[in-house]
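Student: I have a structure open in front of me. Can we go through it by question and answer?

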Amino acid sequence: MTITDAPGRTTGATPRPPAKPGKVRATLQFLRNVWRGLTSMRTALILLFLLALASLPGALLPQWDNGREKTQAYLDEHTTWGPLLNKLGFFDVFASPWYSAIYLLLFISLIGCVLPRSVDFARQLRAKPVRTPRNLARMPLSTEYRVDTDPEATADRVEQQLRQRHWRVLRSAEPATAGGYTVSAEKGYLREFGNLVFHFSLIGLLGAVATGALFGYSGSRLIGTGESYCSSVASYDTFRAGITVDGTDLTPFCVQLDKLTAQFSPEGMATGFQADVQYQANPQQPGDAWQRTTIEVNEPLRLNGQRLYLMGHGYAPELKVTWPNGQTRDVTSNFISNDASLLSTGAVKIPDPPGVPADQNSTKQLAIAGLFAPTAVVQGGIMTSVFPQATAPGLAVKIYRGDLGVNSGVPQSVYAIDQGQVDAGKLKEIKEVNLMVGQRTTLDDGTTIEFTGYRNWAALQTSYDPGQFWALVFAVLLLGGLMISLIIKRRRVWFRITPIGADNGPDAGAGGAGRSLVSVGGLARTDQAGYGAEFDTVARLAGPAVPDPATEAAASTATSPEHSQQAESAAAPAVPGTERRRRQRAGLGDPAQPERESDE
Amino acid sequence: MNPNSSIAQVSDLAFQATMAAYLVALVCLGIELAAKRRAPTELEAVSAARRVAAKSGLLVGSGAGAANTAGIAGTAATAGSTPSGSADVTVTSGQQPPTAAQTQGPAQPPSWSERFGRAAMVVTVVGLVANLISIVTRGIAAGRLPLANVYEFSAAFCFVAVLCWVVLAAKTKARGLGLFVLTPVTLLAFLAGTVLWQKAGPVVASLNSYWKWIHVTTVSISGSVLLVSGAASVMYLLRHRYDRKVTEHPDDVDLANSLPGKLPSLQLLDKIAYRTAIVAFPLYTFAIIAGALWAEVAWGRYWSWDPKETVAFISWVFYAGYLHARHTSGWRGVRAAWVNIVGFAAIIFNLFFINYVVTGLHSYAS
Ligand code: HEM
């Protein structure tokens, strides 16, 4: 129907018939088509491919979430398209609007597909097997033979045997032939059940993942031996908050690092490390005692849904600084490494040297920055580490004096000095020195710095994800459903059992009383593969076949061994005398479900 | 000499033997296929079947071969059936499949192509045993499950893929698949034995978790089986193109005799691809779940969209797409085969590219 909107055409006297019902119908029609399109198998397929495609940049480009430095480096390197990609969300693919759009559409499609199927399935559960078709020879699998029992006994036997094998059976009298019976049977309902469980689990899994993204958090920090902290956003070096998490309601716990031990192979590979800790699970509750435990790689501490992980370890050199006025201070700082020999870099900063008035701080602040080598070897003045264990710790550092720039308000790395201050001449390098434990160096103003030793630090991470348990539950369901759905095969079989001599054409009169002709047809509703062999067994359930005098004579002239494996040659015309037929036709199946039908 | 290092040497020798055996088997299979007569056309098949039937009529009538159809067919003598179009992989009735060679009569010696084919199977099995020895001795030398680096992973990958193919070849008699399985496997074996090779040694602490072993073992097994599936799909595409061309140019003898015509039928190839995929896909799913469980204990997060996880997800989605495609009109056959191949490409991409080029939590690159 066309609707003309030109206002000039309508006269006030004769108003046009209201266009509304048509519009509504058209809109409904349109919506229905959209819905049908969205929930069709083809759309699901396309959306799946889109999902895969859209995930690809998440693997190939650095992501903010997984590596801030690398992403920043990439941006610095690719100044032309970097910012554009960044704006389009290519460095945060899995939180980008286009990615969300794809998976949301996919899941809408999934729900739209799975709900009606569940209804269908519930209906099918109560439905009886399909009645026996008129011509069983037309089925993809069929056979015909004679047995020595009368139709009723034969039908009894077939029915009982099928039930024993967990087929759902419907037996009825054959209307066309007096004294005849048909038995139709079906099995494999569990397949659809498994398939539905699988698809519903996908929805559950998405929900669990979303829960984690909304309410979960994680925080990490380095902690030296002897140190402790209580969990709060401020206590972490880095904190990753879920969408609804503002950090005010973390469940607090306290932890103290007592000892860190590490084992290395002779080649210097880290083979294991452990942190002995004490913790308080509920420090706010009175009487909550400190408990001891050991955290290891792959062995987190689980408390109140929060999990505490040992992620790494390293060294912190300990120094003793003695100022000319005799005042001393022990200082330390964590050095970090990304090298198997644990050669580490870091900086010890002293922003408030004792005895210096605050206004003179900017000329007297000290920094000792450089390398820590657990097993130091010096060659040509250059210190390297030959083994990750601290057997002969050495320190190769530069010593700076001046303004560290820590009061400027701009946060700076705790592992390095601000090179900008050096470049600006505000922070001056006054000495470069290699020290082994116990050695000291004296600066120009008489200050001495002694390398007294080292301590270990551990990198701890707190994680909380309330969706995690459910993710596991749905993943297990998903796997179970998938296996059921792929293993279970949907099969149908029909038997038509007629008395011999009734109206069997060539056999008329040839058979004696109490014999039956059994025709069997089989259809695989899902996956044809493998039904051939199974059909052979099932089809024989009516009892041992007896020879038929009419075909016996004919057959001796033309036979060939039964060879179902001769798949290579296409279906050939039937050899005369053939009793057992197999046909495999593409698309043969249940016409009611054309999209779901398989042609295997 | 350290006993461990001599065991490690045995492992390396065995792996060299594996490489050699796979290469020889590959060459034999190539010769077999080149020398093989094309599968008979429909008409040829019928007349061949008739000939066989006429010759062996007596034999079949009294032979045991017909016994298990006798029950159904009434008498042994009527047990003859058509050389059916069924491409049923699982039917292994124990009867001789009438190959082209056998239509010349059972008494004749096997043809040249047949001999090469059999030799290929024998050499393959030898290679398989050497491969297994190499893996086991490597495990003993390193004192752990030998799946800790890309070399070990590749060795296991080759083993399972070849094993899967040998089993399929025994079941379906479709040796042709071997060419397409052994080509990537041999390539991978040579890569593994040369560039990727690493000394047997311990693993870093974070890799020492039983979830990790479960995860890596299942990833490699499912990946290998998916290789066989992908190979079957590649052959499907080749065969499909051939079939189409032959129908377009029925008189082109050269074309009709070209190599793709000697491949198994479309139905069989599709079936092999599907059946291997539905075995491997749940296993792959399990492997990913095991990986997530491991990530939870090792990294504090069960899924972090690390590049390796992301590509695993992508290949998983492709395989889900493959299974869907087989139920979607217009997508069965050629398109589904493509999806299967892309899925496998993603797995290979994950194994090599991501390990060596992109750095992430999983990376062995450093
Ligand atoms: C989140 C996205 C989806 C994934 C990962 C997925 C995955 C799968 C997998 C792995 C299978 C194979 C298992 C089997 O054959 O039973 C399958 C089957 C199937 N899926 Fe999905 N699916 C998704 C969405 C959908 C949607 C949106 C629909 C409906 C349009 C759908 C309908 C079906 C149907 C009808 C089958 C085959 C049932 C049969 O074998 O008879 N799926 N799906």
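**The ligand and its surroundings**

Tutor: Start with one contact: a polar side-chain atom of His199(A) lies 2.8 Å from a nitrogen atom of the ligand. Keep in mind that this is a predicted model.

Student: Which elements give two or more residues to the shell around the ligand?

Tutor: Look at both chains. Chain A supplies α2 (41–60), α5 (97–126), α7 and α10 (468–487). Chain B supplies α10.

Student: How far is an N or O atom in the side chain of His324(B) from a nitrogen atom of the ligand?

Tutor: Polar contacts here are pairs of N or O atoms within 3.5 Å. Another such pair joins the side chain of Arg191(A) to an oxygen atom of the ligand, at 2.9 Å. For His324(B) and the ligand nitrogen the distance is 2.5 Å.

Student: Where does the ligand lie?

Tutor: Check its neighbours. 25 residues surround the ligand, and the closest are Cys113(A), Asn195(A), His199(A), Ser485(A) and His324(B). The ligand sits between chains A and B.

Student: By class, how many residues of the shell around the ligand are nonpolar, polar and charged?

Tutor: Sort the shell by residue class. The counts are 14 nonpolar, 8 polar and 3 charged.  The shell being sorted is the set of 25 residues around the ligand.

**The iron site**

Student: Which residues coordinate the iron atom of the ligand?

Tutor: Look for donor atoms at 1.9 to 2.0 Å. Each of the two residues uses its NE2 atom. They are His199(A) and His324(B).

Student: Which helices does that pair link?

Tutor: The pair crosses between chains. His199(A) is in helix α7 (residues 189–215) of chain A. His324(B) is in helix α10 (residues 307–325) of chain B.

Student: What is the geometry of the iron site?

Tutor: Count the donor atoms: there are 6. Their angles run from 78 to 178°. The site is octahedral.

Student: Is His199(A) buried or exposed?

Tutor: Buried means under 20% relative accessible area. His199(A) has 8%, so it is buried.

**Membrane annotations and helices**

Student: Where does UniProt place the feature "transmembrane region" in chain A?

Tutor: The record is an unreviewed entry. One of its spans, residues 98–116, is 100% helix and 0% strand in the model, with end C-alpha atoms 28 Å apart. Another, residues 44–64, is 81% helix, with its ends 30 Å apart. The UniProt positions are residues 44–64, 98–116, 196–217 and 469–488.

Student: What are the helix content and end-to-end C-alpha distance of residues 272–295 of chain B?

Tutor: An unreviewed UniProt entry includes this span among the transmembrane regions of chain B. The span has 0% strand. Its values are 100% helix and 34 Å.

Student: How many helices and strands does chain B have?

Tutor: Read chain B along its sequence: the pattern is α-α-α-α-α-α-α-α-α-α-α. That gives 11 helices and 0 strands.

**Two strand residues in chain A**

Student: Is Tyr181(A) buried or exposed?

Tutor: Tyr181(A) lies in strand β3 (residues 181–187). Pro151(A) is 30 residues away in sequence but 6.7 Å away in space, C-alpha to C-alpha. The relative accessible area of Tyr181(A) is 17%, so it is buried.

Student: What is the relative accessibility of Val518(A)?

Tutor: Place it first: Val518(A) is in strand β22 (residues 516–524). Val518(A) counts as buried, and its value is 0%.

Technical notes: Residues numbered from 1 in each chain as written. Chains lettered and ligands numbered in written order. Predicted model: local features only at pLDDT ≥ 70, side-chain atom pairs only at ≥ 80, totals over all residues. Heavy atoms only, no water. UniProt positions renumbered as here; feature names shortened; annotations may be inferred. Helix = DSSP H or I, 4+ residues; strand = E, 2+ residues; numbered from the N terminus. Donors = N, O, S within 2.8 Å, 3.2 Å for Na, K, Ca; no water. Tetrahedral: all angles 85-135°; square planar, octahedral: opposite > 155°, others 65-115°. Buried < 20%, exposed > 50% of the residue type's maximum accessible area, 1.4 Å probe, protein only. Near = heavy atom within 4 Å. Polar contact = N/O pair within 3.5 Å; in protein donor to acceptor, adjacent residues only side chain to side chain. Nonpolar A, V, L, I, M, F, W, Y, C, P; charged D, E, K, R; others polar.
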